[in-house]
Amino acid sequence: MSKHLRIRPFLWSAIFFALVGALIGGYMSMQSVSSLASSTNQIGVFEREWSNASMLDFRSTQEARYYVATLNTDSLEKFNSLRDKRTETLLIAMDSAPRLKDQELLQKTYEASTAMADIENAAVSLAQIGNQNSAKEMLSSARYAQLGTTKDKLKERARSELIGAIKSLITHSNNLLILGLAGLIISLTIASYCWYKVGQIFRAQAKELEVARDSLAAHANQLEARIEARTKDLEAAEAADRAKSSFLAQMSHEIRTPLNGVLGMTAALSRTDMDDRQRRLLAVIQESGDTLLALLNDVLDLAKIEAGKLEIEEIDFNVRDIVNSAEAIFSTRAHDKGLSFSVAIKDCADVWCVGDPTRLRQILYNLMSNAIKFTNEGQVRVEVNGNKCDDNASIDLSFTVHDSGIGMDEEGLSRLFQRFSQADSTTTRKFGGTGLGLAICKELAMMMGGNIEVVSELGVGTSFTLKLHAPLGKAPPETDAATFEQSLEANENNAANLRILAAEDNANNRLVLKMFLEQVGITPTFVENGKLAVDAWLNDNFDVILMDVQMPIMSGPEASSEIRRLEREMGRSRTPIIALTANAMTHHVQECLKSGMDAHVSKPIRPDLLFAAIDETLTAKEKADEQAIAG
């Protein structure tokens with residue numbers, strides 16, 4: 001290595017001078033080429049403009065002579081159109097001319113051309129007023145002939161000098177190019193010698209690198225073995241993740257099915273006559289079922305977030321409707337605890353937006369529920385504000401939930417949004433809960449492009465603020481389940497005539513569905529699988545089909561696809577199909593819609609959502625039928 005160190009200064013110096021020589025040679029070559037290109041371009045422009053001017057001058061002269069000889073009006077018009085152009089074009093050509101030995105040559109040519117043009121203009125003017133003989137004499141005069149001869153000689157001299165200028169430029173550029181190439185050859189020779197020396201060094205060092213290469217090869221083999229083992233671990237983890245997702249989907253279905261019976265019967269019983277004690281007992285069942293459903297939804301949301309499968313919808317919704325629905329639910333809970341509950345929605349926030357109303361409602365429900373849960377006395381106050389952005393196409397919304405509850409210290413705030421954690425571990429026993437709600441709300445808010453901020457003081461209270469940025473939306477046609485029920489109650493014959501086919505394999509779910517529909521005067525027809533649903537549809541006409549998804553013999557999506565195929569073949573009008581299923585994940589909903597279903601209502605079934613879906617599909621069918629008749 002010491003030998004290599006001794007020759008390094010020589011090598012670096014040689015490389016430096018070689019690079020300098022190469023740069024100088026390259027620069028001179030580029031300059032010669034640039035000079036030649038620039039001069040050639042200038043000469044080309046001049047030659048083009050000069051030729052154009054000569055052509056216009058020639059044509060103008062020809063048209064003037066022809067008009068004087070024949071008094072042809074077309075020649076007069078052509079002469080007039082060319083008269084001014086030839087002078088202007090000649091001036092342009094002179095401006096673009098390269099430097100000539102005789103700089104006055106072009107000026108003399110211009111003066112001769114102008115003098116001839118003046119004689120031609122005068123001759124044409126005389127011919128126009130009827131003095132044709134005088135015009136002919138002017139064009140055949142010695143003065144005119146002399147000017148023409150002079151102009152031609154001057155043009156020829158100018159062309160000769162132009163050729164000389166081109167030769168001079170080419171010679172100059174050629175000399176520069178020769179010098180540049182000579183410098184480049186010298187620099188490349190020096191560089192070749194330097195690289196030869198460098199090659200000697202590299203060959204010597206290559207021997208030293210052979211040992212390192214062998215070591216690296218051995219290390220690479222170890223890495224490949226580790227990568228292979230890691231790949232197997234990842235495959236096992238992915239398989240476990242798929243198994244977990246499948247398990248959660250199956251458990252969601254299996255839990256929601258009996259839960260549908262519990263909450264469905266509770267909702268149905270709440271519409272019957274009961275005394276106060278029975279209503280209190282029913283309220284306990286309802287609250288327990290709702291808590292179990294909320295816990296199930298939290299677990300499923302957490303699984304979907306971890307798997308990256310939770311999707312945020314982009315649909316129109318009204319901010320006031322979302323807040324009012326939350327107020328209707330939690331105002332009663334607050335008053336039962338003796339708390340003051342108020343909601344203030346600023347006018348600027350009473351707008352339609354585009355986003356995910358379900359997730360927004362989920363966040364607000366969680367914040368209001370926590371505020372009431374952790375407040376023993378005082379008040380819970382909800383404030384909604386909005387600020388339209390400069391583009392008038394979006395709005396910044398803020399939802400603030402204040403409470404006068406137990407509050408939190410700094411340590412509690414640091415753990416607030418952690419999964420399976422609460423601000424104080426003792427509150428888990430006192431107030432209950434899994435600690436998942438706020439963690440999920442935080443992630444939902446971030447997925448919606450917003451954030452949740454919290455301010456709290458121990459023993460004083462807490463304020464949660466949800467901030468969102470949303471595009472402004474449009475109000476869709478109203479679909480009101482209450483209006484649907486009122487319309488049925490007002491016209492019993494209409495309710496009796498509304499024919500609904502329900503495919504449901506679970507006996508308890510059939511009973512729940514029957515009670516919901518009979519309470520508004522509808523008597524449904526039940527079948528126990530998708531195959532029987534298709535057969536019943538073939539043999540009768542129904543206004544709506546309520547279709548379970550997981551059924552024996554033929555599933556709900558399979559039955560829906562079959563019905564849509566038969567409709568096309570038989571030319572029958574489209575029958576609305578609504579999915580009633582415990583499969584509530586997003587991809588399950590998409591599978592239902594893709595199979596030909598028109599709407600989706602998840603279990604446990606809520607009567608208001610069921611009736612709203614029926615009303616919406618019937619309204620859409622009526623509009624489609626009207627358009628078909630009109631078309």
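**Note on a predicted model: loops, cores, cavities and helices**

1. Leu71 is found in the loop between H1 and H2. The model is predicted, and in it the phi of Leu71 is near 55°, a positive value in a residue other than glycine. This deserves a remark because most residues other than glycine have a negative phi. With a relative accessible area of 37%, Leu71 is partly exposed, because that value falls between the 20% limit for buried and the 50% limit for exposed.

2. Ile553 offers a second case of this kind, with a positive phi of about 70° although it is not a glycine. The residue lies in the loop between strand E10 (544-547) and helix H16 (556-570). Its relative accessibility is 71%, so Ile553 counts as exposed. A glycine may be set beside these two: just after H3, Gly130 takes a positive phi of about 100°.

3. The chain as a whole may now be described. It contains 18 helices and 12 strands. Of its 631 residues, 40% count as buried. Among the contacts with a separation of 6 or more, 73% join residues that are 24 or more positions apart.

4. Which residues of the largest nonpolar core touch the most other members? They are Val319, Leu360, Ile363, Phe399 and Leu466, in a core of 40 residues. At least two residues of this core come from each of helix H7 (319-336), strand E2 (340-345), helix H8 (357-373), strand E4 (379-388), strand E5 (394-403), helix H11 (437-447) and strand E7 (461-471). The element that gives the most is H8, with 7 residues. As background, nonpolar side chains in soluble globular proteins tend to be buried together.

5. The surroundings of Phe399 can be listed in full. Apart from neighbours within four places in sequence, Phe399 is in contact with Val319, Val323, Leu360, Leu364, Glu383, Val384, Phe464, Thr465, Leu466 and Leu468. There is also a second, separate core, which has 21 residues, including Ala502, Ile522, Ala599 and Ala613.

6. Ile322 is found in helix H7. Is this residue buried or exposed? Its relative accessible area is 3%, which is under the 20% limit, so Ile322 is buried. Leaving out residues up to four places away in sequence, Ile322 touches Phe317, Pro357, Leu360, Arg361 and Leu364. The C-alpha atoms of Ile322 and Gln362 are separated by 9.9 Å, although these residues are 40 apart along the chain.

7. Val401 is found in strand E5. Val401 counts as buried because its relative accessibility is 1%. Residues up to four places away in sequence aside, Val401 touches Leu367, Met368, Ala371, Val380, Arg381, Val382, Thr462, Ser463 and Phe464. One of these contacts can also be described by distance: Val401 and Arg381 are 20 residues apart in sequence and 5.8 Å apart in space, C-alpha to C-alpha.

8. How many cavities of 30 Å³ or more are there? The count comes to 2. The largest has a volume of about 100 Å³. Its lining consists of Trp50, Ala53, Ser54, Asp57, Arg86, Thr87, Leu90, Tyr110, Ser113, Thr114, Ala117 and Lys155. Helix H1 (2-70), helix H2 (73-95) and helix H3 (104-128) each supply at least two of the lining residues. By class, the lining has 5 nonpolar, 4 polar and 3 charged residues.

9. The second largest cavity holds about 40 Å³ of space. Phe46, Glu47, Trp50, Lys155, Ala158, Arg159 and Leu162 line this cavity. The elements that give two or more residues to its lining are H1 and helix H5 (142-270). H5 gives the most, with 4 residues. The lining of this second largest cavity has 4 nonpolar, no polar and 3 charged residues.

10. Two helices allow a simple check of length. The 25 residues of H3, at 1.5 Å a residue, should span 36 Å, and the end C-alpha atoms are 36 Å apart, which agrees. For the 24 residues of helix H18 (residues 607-630), the expected span is 34 Å; the end C-alpha atoms are 35 Å apart, so the values agree. The buried residues of H18 are Pro607, Leu610, Phe611, Ala612, Ala613, Ile614, Asp615, Thr617 and Leu618. One of them, Ala613, is also included in the second core described in point 5.

How values were computed:
Residues are numbered from 1 along each chain as its sequence is written. This is a predicted model: local features need pLDDT of at least 70, side-chain atom pairs count only at pLDDT 80 or more; totals for chains, interfaces and linings use all residues. Side-chain values use heavy atoms; hydrogens and water are left out. A nonpolar core is a set of buried Ala, Val, Leu, Ile, Met, Phe, Trp, Tyr and Cys residues joined through side-chain atoms within 4.5 Å. Buried means under 20% relative accessible area, exposed over 50%, partly exposed in between (1.4 Å probe, protein chains only). Contact means heavy atoms within 4.5 Å. On a 1 Å grid over the protein atoms alone, a cavity is a set of points where a 1.4 Å probe fits but cannot get out, and a pocket is an open set with protein on both sides within 12 Å along at least five of seven lines; lining residues have an atom within 4 Å of a point. Grid points are joined across faces, edges and corners, and a volume is the space filled by probe spheres set on the points. Ala, Val, Leu, Ile, Met, Phe, Trp, Tyr, Cys and Pro count as nonpolar, Asp, Glu, Lys and Arg as charged, and the others, Gly among them, as polar. The expected span of a helix is 1.5 Å times one less than its number of residues.
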